[in-house]
Amino acid sequence: MSLNGLPVESRQNGKENNRRGDREKAALNVEQVSVAFRQRKTLLPVLKDISLTVERGEFVSLLGPSGSGKSTLFHLIGGLLAPDQGRIYMDGEDVTGTRGRISYMPQQPALFPWRTTLDNVLLGQENAPGPDKEPRREAREEARRRLDEVGLGKFADAYPHTLSGGMQQRAAFLRAMLSPQELMLLDEPFSALDELTRSDMQQWLLQMWERHRRSVLFITHSIEEALLLSDRIYVLSARPASVLQVVDVPFARPRREDLAADKDFVELKHELSRRMREEKAKNTAAWAGGTV
Ligand SMILES: Nc1ncnc2c1ncn2[C@@H]1O[C@H](COP(=O)(O)OP(=O)(O)OP(=O)(O)O)[C@@H](O)[C@H]1O
Ligand SMILES: [Mg+2]
């Protein structure tokens with residue numbers, strides 16, 4: 001498929017195997033993963049034959065309708081769940097069902113109420129495998145500097161219940177960012193923020209990412225957010241989620257906010273929006289027909 005010359009690719013589900021030869025080098029390879037949840041006597045299929053790749057230093061997004069299975073996929077990658085079929089590799093190593101290999105930011109901030117913001121932010125470093133479990137003074141100083149950068153400098157010693165939802169989310173984001181694992185999984189990190197703060201945070205994330213080039217897998221409902229931040233976007237179908245389309249995002253970096261006004265950006269956004277509306281309509285029709 002081609003969209004006015006833009007490199008939009010459409011691959012059939014399960015055939016996204018062009019990168020499989022590079023498994024050794026990729027930060028993450030999800031290979032033909034399927035999972036279903038048992039609900040009383042029935043099975044609820046949630047993921048169907050999902051394959052995706054995050055190369056080292058790449059920013060990849062998952063875009064899919066609510067309830068399609070995006071968070072479930074993160075739980076599988078994080079080793080909290082085991083797939084019924086398929087394998088998960090990091091740096092070429094089979095890590096299916098293994099915990100502790102990723103830094104993860106869940107949809108809810110999940111800060112510990114008895115720890116200050118600073119101590120919450122440092123948690124990922126304490127829990128990481130390795131001898132240096134006690135965060136060093138430099139790590140604390142670095143965390144204080146980063147808290148300043150996200151506007152939480154004055155709240156370093158405050159407890160989470162005194163922070164707004166958005167502030168908690170920023171602290172949780174920083175905790176994932178400062179964890180030593182190479183791969184970051186971010187589950188809709190900005191969805192609870194107001195539009196202006198969200199836009200500021202997107203710019204902050206772009207800058208951080210361009211500076212540090214961590215490998216990121218990012219869940220979002222926002223097409224614009226996915227296009228602004230990502231190198232590649234996997235568009236998922238409704239549940240059971242399969243890969244509908246893979247988009248290699250063509251815009252040069254560094255990217256700034258005004259990219260959203262670019263003609264190609266707007267075209268690509270409309271194309272993706274049309275694709276997702278079609279998918280939603282299909283899903284709604286299936287619900288109405290009682291087939292889901
Ligand atoms: N542990 C579980 N046991 C049973 N069913 C589950 C479990 N976890 C998720 N589900 C079901 O799997 C489906 C996918 O859920 P999931 O949270 O992965 O969706 P999502 O794409 O992240 O949605 P959202 O965009 O709303 O966050 C839902 O129907 C949900 O009810
Ligand atoms: Mg979710």
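This passage walks through the fold, the core, the strand pairings, the ligand shell and a few backbone oddities of a predicted model.

Start with the overall tally. The protein has eight helices and 11 strands. Of its 292 residues, 39% are buried. Contacts reach far along the chain: taking those with a separation of 6 or more, 72% link residues 24 or more positions apart.

Next comes the interior. The largest nonpolar core holds 70 residues, and the members that touch the most others are Leu 28, Ile 77, Leu 183, Leu 185 and Leu 217. Helix H5, covering residues 165–178, is the top contributor to this core, with seven residues. The core also takes in both domains, with at least three residues from each of domain 1 (8–101 + 183–288) and domain 2 (111–180). Ile 77 gives a feel for how this looks from a single residue. Once its neighbours within four places in sequence are set aside, Ile 77 is in contact with Leu 28, Val 30, Ile 88, Ile 102 and Leu 185. Two of the names in that set, Leu 28 and Leu 185, are also among the core members that touch the most others.

On to the sheets. One of them is an open, four-stranded affair with antiparallel pairing, in the order E3-E2-E5-E6. Its edges are E3 and strand E6 (93–94); each has a single partner strand, so one side of each lacks a neighbour in the sheet. Further in, strand E2 (residues 28–39) and strand E5 (residues 85–90) run antiparallel and are joined by four bridges. The register can be read from two facing pairs: Ser 34 sits opposite Gln 85 in E5, and Asn 29 sits opposite Tyr 89 in E5. E5 then pairs with E6, again antiparallel, over two bridges, with Met 90 opposite Glu 93. These two strands make a hairpin with two residues between them, and Asp 91 in the turn shows a positive phi of about 50 degrees.

A separate bit of strand pairing centres on E10. Four of the five residues in this strand (residues 232–236) are buried, so E10 is largely enclosed by the rest of the structure. Its pairings go in both senses. Strand E4 (residues 59–63) runs parallel to E10, with four bridges joining them, and Leu 62 faces Tyr 234. Strand E11 (residues 243–248), in contrast, pairs with E10 in the antiparallel sense over five bridges; here Val 235 has Gln 245 as its bridge partner. E10 and E11 form a hairpin too, with six residues between them.

That hairpin loop carries one of the backbone oddities. Pro 240 lies in the loop between E10 and E11, and the peptide bond joining Arg 239 to Pro 240 is cis, with omega about -5 degrees. A second cis bond runs from Arg 253 to Pro 254, with omega near -5 degrees. Pro 254 belongs to the loop between E11 and helix H8 (263–288). For context, most peptide bonds are trans, and most residues other than glycine have a negative phi.

Positive phi values turn up at other loop positions as well. Arg 40, in the loop between E2 and E3, has phi near 50 degrees. Glu 188, in the loop between strand E8 (183–187) and helix H6 (195–212), has phi near 45 degrees. The surroundings of these two residues are quite another matter. Arg 40 has 4 C-beta neighbours inside 10 Å and so counts as exposed, whereas Glu 188 has 20 inside that radius and so counts as buried.

Last, the ligand. Ligand 1 is surrounded by 13 residues, and the closest are Phe 37, Ser 66, Lys 70, Ser 71 and Thr 72. Sorted by class, this shell contains three nonpolar, eight polar and two charged residues. Strand E3 (42–54) and helix H1 (70–77) each supply at least two residues of the shell, with the largest share, three residues, coming from H1. E3 thus appears in two settings, as a supplier of shell residues and as an edge strand of the open sheet.

Key
Residues numbered from 1 in each chain as written. Chains lettered and ligands numbered in written order. Predicted model: local features only at pLDDT ≥ 70, side-chain atom pairs only at ≥ 80, totals over all residues. Near = placed C-beta within 6 Å. Nonpolar A, V, L, I, M, F, W, Y, C, P; charged D, E, K, R; others polar. Core = buried A, V, L, I, M, F, W, Y, C linked by C-beta atoms within 7 Å. Buried ≥ 20, exposed ≤ 12 C-beta atoms within 10 Å, placed from the backbone. Domains from an automatic or database assignment. Contact = placed C-beta atoms within 7 Å. Pairing = 2+ DSSP bridges.
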